[in-house]
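Morning, everyone. Please pull up the sequence and the structure before I start.

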Amino acid sequence: MTKCWIKLGQLYVPKVSGQHPKLISHAANPLPVHMSGDVYRIFFSGRDDQNRSSVGAVDVDIVQRKVITEHHSPFFEHGPVGSFYSDGVSIGNCYEVNGIKYMLFMGWQNPPGGHWRGDIGRLIVTPELLLQLEDEEPFMGIDSTDPISLSYPWVQARPSGGFDMWYGSTLKWDAGNGEMLHVIQHAMSDDGSNWCRTGLAVPYELGFAQAFSRPTTVLNDSGDFEMWFSFRSGVGEKYRIGYARSGDGINWMLDLENSGIDVSPSGWDSEMIEYPFVFNHNGARYMLYNGNGYGKTGFGLAVLDDR
């Protein structure tokens with residue numbers, strides 16, 4: 001079945017003035033957490049005047065497509081100099097283990113004279129939907145499988161028990177065409193805390209799809225896995241949203257033509273679309289996503305037309 005996402009427009013755009021100094025621009029990586037009824041607290045990564053990102057949030061009625069509450073202060077700020085998240089926090093998704101809800105994030109480091117890089121951290125989401133850092137050390141750092149940089153984790157519980165994680169990993173900063181080779185890897189866990197990395201999940205192709213970010217994964221009615229993600233081709237194009245599918249969550253088939261969504265002819269998402277988050281609500285499947293400027297133009301909503 002050919003997929004088609006119907007765009008419902010922008011949900012939230014950061015104000016030009018009057019913002020908290022840690023949230024003066026951008027609303028990237030939207031992450032919805034259900035509150036009640038049709039209302040979700042949508043966390044996002046906002047930036048300060050030095051481009052360091054912290055986590056803000058707005059409460060949104062997604063059916064009325066209306067902001068109910070705009071929270072002025074950040075829920076979690078980037079860390080001090082020397083920490084693994086000193087230059088930013090880019091959020092992935094939430095999952096629950098033994099009654100505790102966790103939110104994973106990419107922690108940015110941008111050392112003077114060196115290349116930026118990332119590690120994965122974990123936040124505890126309290127019952128009041130506040131965020132607390134679990135550990136000052138990375139939850140998941142570089143190793144022999146992922147030797148350079150990590151990004152944007154997505155964790156999902158398996159119906160049969162255990163957890164899958166899909167996350168970004170840099171294999172090369174320059175794959176020979178001026179674009180990085182940043183792929184989506186897979187890991188599995190019995191308890192949601194200790195992970196076995198299994199390597200490459202989604203295939204890549206230089207000059208076609210080689211710079212991936214922020215996977216978002218769902219199970220369809222037949223029990224197969226579907227994934228949307230951002231990607232760049234490596235030939236100068238800006239981010240687009242791509243699609244892949246899998247029978248087991250480990251081995252994936254790239255199916256970019258079937259993502260069902262592309263840039264608009266004009267407006268806030270006419271140059272690029274990226275950082276999708278797919279979720280189900282009241283029998284409908286929705287996608288939150290960013291447009292031009294890596295979230296500078298806020299985030300929008302689309303609904304899947306599955307007819």
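I'll go through the chain start, the aromatic pairs, the salt bridges and one surface patch.

One caveat up front: this is a predicted model.

Let's begin near the start of the chain. Cys4 sits in the segment before β1, and β1 covers residues 5-12. Is Cys4 buried, exposed or partly exposed? Cys4 is partly exposed, because its relative accessible area is 37%. Now look at what lies beside it in space. The C-alpha atoms of Cys4 and Leu304 are 5.9 Å apart, yet 300 residues separate the two along the chain. Leaving out residues up to four places away in sequence, Cys4 touches Gly260, Val303, Leu304 and Asp305.

Next, the rings. How many aromatic pairs are there by this rule? The count comes to 28 aromatic pairs. Take Tyr152 and Tyr275 as one example. Their ring centres are 5.6 Å apart and their planes meet at 35°, so this pair is tilted. Tilted is the class left over when the angle is neither under 30 degrees nor over 60. Tyr152 is in strand β10, residues 150-157, and Tyr275 is in strand β18, residues 274-281. The pair links distant parts of the chain, 123 residues apart. Tyr152 counts as buried because its relative accessibility is 6%. Tyr275 is buried too, with a relative accessible area of 8%.

A second pair has another geometry. Trp166 and Trp252 are edge-to-face, with 6.0 Å from centre to centre and 90° between the planes. Trp166 lies in strand β11, residues 163-172, and Trp252 in strand β17, residues 252-254, so the pair ties together parts that are 86 residues apart in sequence. Both tryptophans, Trp166 and Trp252, are buried.

Stay with those two tryptophans for a moment, and bring in Thr217. Thr217 is in strand β14. Thr217 counts as buried because its relative accessibility is 1%. Which residues does Thr217 contact, leaving aside neighbours within four places in sequence? They are Trp154, Gln156, Trp166, Phe225, Glu226, Met227 and Trp252. So both partners of the edge-to-face pair are in contact with Thr217.

Trp154 comes back in a bigger group. One aromatic cluster is formed by Tyr40, Trp154, Phe277, Phe279 and Tyr286.

Rings also meet charges here. Arg122 lies over the face of Tyr102, 3.6 Å from the ring centre. Arg232 does likewise over the face of Tyr239, at 4.6 Å from the ring centre.

On to the salt bridges. The structure holds 16 salt bridges. I'll show a few. Lys7 pairs with Asp269, and their closest N and O atoms are 2.9 Å apart. Lys7 is in strand β1 and Asp269 in the loop between β17 and β18, so this bridge ties together parts that are 262 residues apart in sequence. Where do the two partners stand on exposure? Lys7 counts as partly exposed, at 29% relative accessibility. Asp269 is buried, with a relative accessible area of 2%.

Next is Arg41 with Asp59. The closest N and O atoms of this salt bridge are 2.8 Å apart. Arg41 is in strand β3, residues 39-47, and Asp59 is in strand β4, residues 53-61, with their positions 18 residues apart in sequence. Arg41 counts as buried because its relative accessibility is 8%. Asp59 is buried as well, with a relative accessible area of 6%.

Then Asp119 and Arg117. Their side chains meet in a salt bridge at 3.0 Å, N to O. Asp119 is buried, with a relative accessible area of 4%. Some bridges share partners: Lys3, Glu226 and Arg285 are joined that way into one network. Glu226 is a name you have heard already, as one of the contacts of Thr217.

Last stop, the surface. Leu171, Leu200, Tyr204 and Leu206 make a nonpolar surface patch of about 330 Å². Where is Leu206 found? Leu206 is in the loop between β13, residues 196-200, and β14, residues 211-219. Leu206 is partly exposed because its relative accessible area is 46%. Thr217, the buried residue from earlier, is in strand β14, and that strand ends the Leu206 loop.

That's the tour. Over to you.

Methods
Residues are numbered from 1 along each chain as its sequence is written. This is a predicted model: local features need pLDDT of at least 70, side-chain atom pairs count only at pLDDT 80 or more; totals for chains, interfaces and linings use all residues. Side-chain values use heavy atoms; hydrogens and water are left out. Helices (H or I, at least four residues) and strands (E, at least two) are DSSP runs, numbered from the N terminus. Buried means under 20% relative accessible area, exposed over 50%, partly exposed in between (1.4 Å probe, protein chains only). Contact means heavy atoms within 4.5 Å. Patches are made of residues with over 30% relative accessible area and no salt bridge: like charges are joined within 9 Å, nonpolar side chains (Val, Leu, Ile, Met, Phe, Trp, Tyr) within 5 Å. Accessible areas come from the Shrake-Rupley method with a 1.4 Å probe; for residues, only the protein chains shown count as cover. A salt bridge is a side-chain nitrogen of Lys or Arg within 4 Å of a carboxyl oxygen of Asp or Glu. Rings of Phe, Tyr and Trp (its six-membered ring) pair if their centres lie within 6.5 Å; planes under 30 degrees apart count as stacked, over 60 as edge-to-face and the rest as tilted. A charge sits over a ring if NZ of Lys or CZ of Arg is within 6 Å of the ring centre and within 35 degrees of the ring normal.
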